[in-house]
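I opened this entry to look up how the metal sites are built, taking each site in turn and then the burial of some of the residues that form it.

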Amino acid sequence: MKKDSFFRLIIMIVALGAASYLAVHLTPMQSEITAERKDLTKAPVAGLHKFLADVAWMRFVNYAGGLSTIDTTNVDKVSEMLRKIISYDPNFLESYQSGILSISNADPKLAVRILENACSNEYLKNNVQIPFYAGFILSRKIVDQNNPDKVLSEPDYAGATRFFRMAIQRSTNPEPYIISNYIRSKAKARGGDESHAILSVLYDEWKMTKGKKGEIAEMEFCQIPDIEARMIKATRDAKYPTDENGKLVAPSANALKLITAVQKEVFADNHLCPNCISQTHPGDKFCARCGGGVPVWGVCSCGAVLKDGATFCSGCGKKQ
Ligand SMILES: [Zn+2]
Ligand SMILES: [Zn+2]
């Protein structure tokens, strides 16, 4: 062996060693960044605990990775390993994200409890996924994989709503899937016909955005983007509900009452067809979608149809 190739081999071995060291230690550094941790001054004990959490995480990955499935027969051991990581380092993000999700089908109640604890962790207070996962687990019926008759947890829509709301409150720009999960679980918690419940949820959310700030408990409030566009679709769905086979059925009297209130209060200036809730255009006498008569708007007193946003009539020059 030539001398320079020998040195090259030594350098490679050193580089490999450094890389594997980094691989082990990168995870907690990332979790610090994601959690937007501000004080990076580490007490020696915290450093040791982080190291122990790393080691425990590697052991968890090794053990869980070797299992074909995590079910009620092995979940106690897996969750014990996870709890050890979290007890060393409560900010260890990976242990909540892939870790807790991996046990959610086998011990959903424990998974939610651990996530709920993490929700009140100051260092993870900007994390959106932790409350989302808790809501996601709570909104499903989970049965024992080995015994489908054994229900491990029934859906808890009110609980799920609380977590989804927290996820929205933590987002600067909430993801559409979080918003739809929030609306759906809040509607499910109300029960009854789903399209009616969804509209009633959106109506309440809309009223909250219009309400005076002091009237709403801050915990109850979360900003839903495009709420009026969502309400237009929800009103249409509530007016033309379908059964489980997709066949149109008649809306309930309560649904019709709600639709009337929404049309009057929310859609007063939206120029929607009162029958099918679709957009009408300046000068329309009838709805282009359903053929029903619609209130005419956007017409000058001279009879000319005004162009969208026009300040003056292009037929007679009158200021609008
Ligand atoms: Zn129409
Ligand atoms: Zn005119």
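I began with the zinc ion (ligand 2), keeping in mind that the model is predicted, and found that this ion is coordinated by Cys300 (SG), Cys302 (SG), Cys313 (SG) and Cys316 (SG), at 2.2 to 2.4 Å. I then looked up the angles that the four donor atoms subtend around the zinc ion (ligand 2), and they come to 106 to 111°, which makes the arrangement tetrahedral. Along the chain I read the spacing of these donors as C-x1-C-x10-C-x2-C.

For burial I checked two residues of this site. Cys300 has 4% relative accessibility and so counts as buried, whereas Cys302, with a relative accessible area of 43%, is partly exposed.

I turned next to the zinc ion (ligand 1), for which I noted the protein donors Cys273 (SG), Cys276 (SG), Cys287 (SG) and Cys290 (SG), lying 2.3 Å from the ion. The four donor atoms make angles of 104 to 115° among themselves, and I recorded the site of the zinc ion (ligand 1) as tetrahedral. In sequence, the donor residues of the zinc ion (ligand 1) are spaced C-x2-C-x10-C-x2-C. I placed both Cys276 and Cys287 in the segment after helix H11 (253-265), so the pair ties together parts that are 11 residues apart in sequence.

Last, I asked whether these two residues are buried or exposed, with buried meaning under 20% relative accessible area. Cys276 is at 4% relative accessibility and therefore counts as buried, and Cys287, at 6%, counts as buried too.

Key:
Residues numbered from 1 in each chain as written. Chains lettered and ligands numbered in written order. Predicted model: local features only at pLDDT ≥ 70, side-chain atom pairs only at ≥ 80, totals over all residues. Heavy atoms only, no water. Donors = N, O, S within 2.8 Å, 3.2 Å for Na, K, Ca; no water. Tetrahedral: all angles 85-135°; square planar, octahedral: opposite > 155°, others 65-115°. Helix = DSSP H or I, 4+ residues; strand = E, 2+ residues; numbered from the N terminus. Buried < 20%, exposed > 50% of the residue type's maximum accessible area, 1.4 Å probe, protein only.
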